[in-house]
Amino acid sequence: MRAPAKLNLHLTVGAVRPDGFHELTTVFQAVGLYDEVTVRRDDELTVKVTGVGADLVPLDATNLAARAVCLLAVQTGHDPRVAIAIHKGIPVAGGCAGGSADAAAALVGCDALWGCDWSRDRLAEAGAELGSDVPFALVGGTAMGTGRGDHVSPVLARGTYYWVLALAADGLSTPAVYAEYDRLNAGLRPPEPQVAPALMAALRAGDAAALGAALSNDLQDAAISLRPELARTLTVGEECGALGALVSGSGPTTAFLAGDEEHALDISFALTRSGTCADVVQAIGPVAGARPVGGG
Ligand code: C5P
């Protein structure tokens, strides 16, 4: 299976819910940076991880792909003893939903392995239990997320967008970024999460410049507060004429929208030269959600 990274083109954070999660409204886009996940029957449930940041991914029962296998096994009455092999292309703890991508891929993989033939919607409903971003990782494309981000509906989006992602050397903890958001906004009345009319219109029109101007992320200040150097990375991309620049989700990955492929290369070079990030990758969006390699 191959499962894509996500960017949040728009993220507004609302009130804390009784379950401790924040109410939010977001617009996701799946971009062409992938984790590859293989599942095959074995004598026990095991997890092997390779690729960038592999040493940071848990190999025990807390691994999100392992949890996905167990969840589907329990719900369908199958034997959870499978060998899971994950090759990371998505930054670990980077704000691009790499763990959720692995969970989504494991769900799709075991659904095929066991012949369950569950619909995407049913997998998404089950997957929401594993993480807020799992339903979107199954759907992909460009989509609106509400609730804690787990209620996903497609958004009309035309065009292809050229993204440059600046990766940080060390990850950020999502709960820590939300906690910092709460600290920075303490005493303020939580806003009603808003959809962004300008952003939706830009996506409908396939207008990259308008999309760049409409990008926004309520978690950005919290991520920068915990990792002040992200502000420098954002400035480098902006000075290179990025149509828009923002922290991806809870960070620390930063995303820059380019006008075309050549512009994406210019931004990549500038970011690499600046020394303000650990790595730079280019990715096109939107792309499909978790699916078998070679179609399916
Ligand atoms: O669902 P996920 O595993 O991505 O959430 C990780 C953590 O991020 C949660 O435990 C919570 O602290 C925070 N979170 C939140 N509100 C959301 C999504 C995540 O507070 N809507």
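The following legends describe close-up views of a predicted model.

**View 1. The open four-stranded sheet.** Four strands form an open sheet in the order β9-β10-β7-β11, and their pairing is antiparallel. The edges are occupied by β9 (244-247) and β11 (279-285), each of which pairs on one side only. From one strand to the next, the twist averages 25 degrees. Strands of a sheet pair through backbone hydrogen bonds, in either a parallel or an antiparallel arrangement.

**View 2. Pairing of β9 with β10.** Strand β10 comprises residues 254-258 and pairs with β9 in the antiparallel sense over four bridges. One residue pair may serve as a point of reference in this view: Ala-245 has Phe-256 of β10 as its bridge partner.

**View 3. Helix α9 across the sheet strands.** Helix α9, formed by residues 230-239, lies across β7 (161-167), β9 and β10. The helix runs at about 5 degrees to β10. In the sheet order, β10 stands between β9 and β7.

**View 4. The salt-bridge network around Arg-17.** Arg-17 forms salt bridges with two acidic residues, Asp-19 and Glu-23. The closest N and O atoms are 2.6 Å apart in the pair with Asp-19 and 3.8 Å apart in the pair with Glu-23. Asp-19 has a relative accessibility of 42% and therefore counts as partly exposed. Glu-23 also counts as partly exposed, because its relative accessibility is 30%.

**View 5. The salt bridge between Lys-88 and Asp-35.** Lys-88 forms a salt bridge with Asp-35, in which the closest N and O atoms are 2.4 Å apart. This pair links distant parts of the chain, since Lys-88 belongs to strand β4 (residues 82-88) and Asp-35 to strand β2 (residues 22-41), with their positions 53 residues apart. Lys-88 counts as buried because its relative accessibility is 4%. Asp-35, at 0% relative accessibility, therefore counts as buried. Elsewhere, salt bridges that share partners join Arg-17, Asp-19 and Glu-23 into one network.

**View 6. Salt bridges in the whole structure.** A search of the whole structure finds eight salt bridges. Among them are the pair of Arg-17 with Asp-19, the pair of Glu-23 with Arg-17 and the pair of Lys-88 with Asp-35. Side chains of opposite charge can pair when their charged atoms come close.

Definitions and conventions:
Residues numbered from 1 in each chain as written. Predicted model: local features only at pLDDT ≥ 70, side-chain atom pairs only at ≥ 80, totals over all residues. Heavy atoms only, no water. Pairing = 2+ DSSP bridges. Helix = DSSP H or I, 4+ residues; strand = E, 2+ residues; numbered from the N terminus. Axes fitted to C-alpha atoms, helices over the stretch in contact; angles between N-to-C directions. Contact = heavy atoms within 4.5 Å. Salt bridge = Lys/Arg side-chain N within 4 Å of Asp/Glu carboxyl O. Buried < 20%, exposed > 50% of the residue type's maximum accessible area, 1.4 Å probe, protein only.
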